[in-house]
Amino acid sequence: MMKRLFSLTLLLKILFLLCTTTSGQPSAPAQAPSASTSTPTQSSPPAPSPSGPLAPSASSAGPADVTTILKKARKFSTFIGLLKSTQMDAEINSELKKKSNAGFTIFAPTDSAFSDLKTGTLNSFTDEQKAALTKFHIINSFLTVSQFQTVSNPVHTSANGNTKDFPLNVIGNGTQVNITTGMVNTTVDSTVYSDGQLAVYEIPQVLLSQGILSPQAQPPAPAPLTPKPKRATPLNSHAPSASTTTSVDSSEATAQPRSAPIMESIGVVVLAALTLCGFD
């Protein structure tokens with residue numbers, strides 16, 4: 001009997017210990033959510049890739065404006081004034097708007113280049129000389145720096161295309177462009193603008209020529225025609241001479257007093273006849 005009670009008590013203690021050990025153990029960790037039940041996260045936009053300067057759109061693109069280009073450089077104020085006063089800026093811009101044009105090449109002297117001229121030179125020029133000076137810096141075709149190596153000299157400019165009074169020789173060697181006019185020797189310092197139609201090059205000296213400093217004098221106006229002298233009348237002409245006219249006039253003057261006595265005589269005879277007939 002005692003053995004049974006002891007065995008039963010022992011079993012109860014063992015069962016109590018087992019329950020206590022089970023309740024003291026930590027619970028198992030929760031399972032991680034599966035990929036199918038996870039909430040999707042918002043993806044960030046991709047980083048923009050580097051790019052160059054934006055090209056003008058077709059709608060905003062248009063022909064170049066020569067004065068606007070020179071103003072941006074901020075050292076061609078005097079040359080801009082010449083372009084405007086001679087209306088060459090309007091002529092160039094108008095030609096650039098045409099679909100078929102050969103383009104223009106402009107050698108633009110800086111403001112310091114005009115300052116290097118003899119004092120009062122530009123102010124002493126006539127309007128004709130200023131126009132020739134401006135046109136002498138303009139070539140009526142587009143030329144790149146590389147094309148100066150093969151261009152035919154002397155180059156024709158807008159100054160009436162006369163290469164005798166306006167000689168312009170441009171020689172390039174790949175790294176430098178030399179310009180000579182017979183009076184000025186200079187070089188191209190830099191390219192201000194080039195777009196396939198208009199090329200503007202900076203030069204440190206003003207291009208002068210004999211045709212600018214000594215413009216050709218205008219031919220004098222023809223003298224008015226003098227009237228041709230009248231042909232002399234020959235002596236044997238049928239026209240009556242002065243002496244003849246005078247004699248005729250004098251004969252008529254003398255004839256009038258001679259006819260007066262004759263009329264008086266006729267009147268006396270008629271009166272006498274009537275008297276005799278009355279007596280009969």
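How many helices and strands does the protein have? There are nine helices and seven strands, and the model in which they appear is a predicted one. The views below take us through it, one region at a time.

**Figure 1. An overview of the predicted protein.** Of its 280 residues, 24% count as buried. Among contacts with a separation of 6 or more, 65% are accounted for by residues 24 or more positions apart. Nine helices and seven strands make up the set of elements to keep in mind for the close-ups.

**Figure 2. The largest nonpolar core, with 46 residues.** Leu 70, Phe 107 and Leu 198 are the residues with the most contacts inside this core. Strand E7 (residues 198–203) supplies the largest share of the core, five residues. Take a moment with Leu 198: beyond residues up to four places away in sequence, Leu 198 touches Ala 64, Val 66, Ile 69, Leu 96, Phe 104, Ile 106, Phe 142 and Tyr 193. As general background for this view, nonpolar side chains in soluble globular proteins tend to be buried together.

**Figure 3. Helix H2 (residues 66–73) packed with helix H3 (residues 77–85).** The angle between the two is about 165°, and their axes are 10 Å apart. Because angles over 145 degrees count as roughly antiparallel, H2 is described as roughly antiparallel to H3. The crossing of H2 past H3 is left-handed. On the H2 side, Val 66, Thr 67, Leu 70 and Lys 71 make the contact, and on the H3 side Phe 79, Ile 80, Leu 83 and Lys 84 do so. By type, the residues of this contact divide into five nonpolar, one polar and two charged. Two of the names return from the previous view: Leu 70 is one of the core residues with the most contacts, and Val 66 is one of the residues touched by Leu 198.

**Figure 4. Positive phi values at Arg 74 and Gln 87.** Where do we find Arg 74? Arg 74 sits in the loop between H2 and H3, and its phi is near 65°, a positive value in a residue other than glycine. The relative accessible area of Arg 74 is 76%, so this residue is exposed. Gln 87 belongs to the loop between H3 and helix H4 (88–96). Though not a glycine, Gln 87 has a positive phi of about 65°. Gln 87 is exposed too, with a relative accessible area of 58%.

**Figure 5. The cis peptide bond between Asn 153 and Pro 154.** Omega for this bond is about -5°. To find the spot, look in the loop between strand E2 (138–139) and strand E3 (169–172), where Pro 154 has its place.

**Figure 6. The buried residues of helix H7 (residues 127–135) and what covers them.** Gln 129, Ala 132, Leu 133 and Thr 134 are the buried residues of H7. Their cover includes H3, H4, helix H5 (111–115), helix H6 (121–124), E2 and helix H8 (210–213).

**Figure 7. His 137, in the loop between H7 and E2.** Is His 137 buried or exposed? With 1% relative accessibility, His 137 counts as buried. Setting aside neighbours within four places in sequence, His 137 is in contact with Phe 79, Thr 105, Ile 106, Phe 107, Pro 109, Ile 203, Val 206 and Leu 207. One of these partners, Phe 79, is 58 residues from His 137 in sequence, while the C-alpha to C-alpha distance is 9.9 Å.

**Figure 8. Asp 111 in helix H5.** Asp 111 counts as partly exposed, at 23% relative accessibility. Apart from neighbours within four places in sequence, the contacts of Asp 111 are with Lys 75, Phe 76, Ser 77 and Thr 78. Phe 79 appears here as well: the C-alpha atoms of Asp 111 and Phe 79 are separated by 7.5 Å, with their positions 32 residues apart along the chain.

**Figure 9. Thr 180 in strand E4 (residues 177–180).** Thr 180 is partly exposed, and its relative accessible area is 28%. Which residues does Thr 180 touch, not counting residues up to four places away in sequence? They are Pro 167, Leu 168, Asn 169 and Asn 185. For Leu 168, twelve residues away along the chain, the C-alpha separation from Thr 180 is 6.1 Å.

Notes. Residues numbered from 1 in each chain as written. Predicted model: local features only at pLDDT ≥ 70, side-chain atom pairs only at ≥ 80, totals over all residues. Heavy atoms only, no water. Core = buried A, V, L, I, M, F, W, Y, C linked by side-chain atoms within 4.5 Å. Buried < 20%, exposed > 50% of the residue type's maximum accessible area, 1.4 Å probe, protein only. Helix = DSSP H or I, 4+ residues; strand = E, 2+ residues; numbered from the N terminus. Contact = heavy atoms within 4.5 Å. Axes fitted to C-alpha atoms, helices over the stretch in contact; angles between N-to-C directions. Parallel < 35°, antiparallel > 145°, perpendicular 65-115°, else oblique. Left-handed = near helix turned anticlockwise from the far one by under 90°. Nonpolar A, V, L, I, M, F, W, Y, C, P; charged D, E, K, R; others polar.
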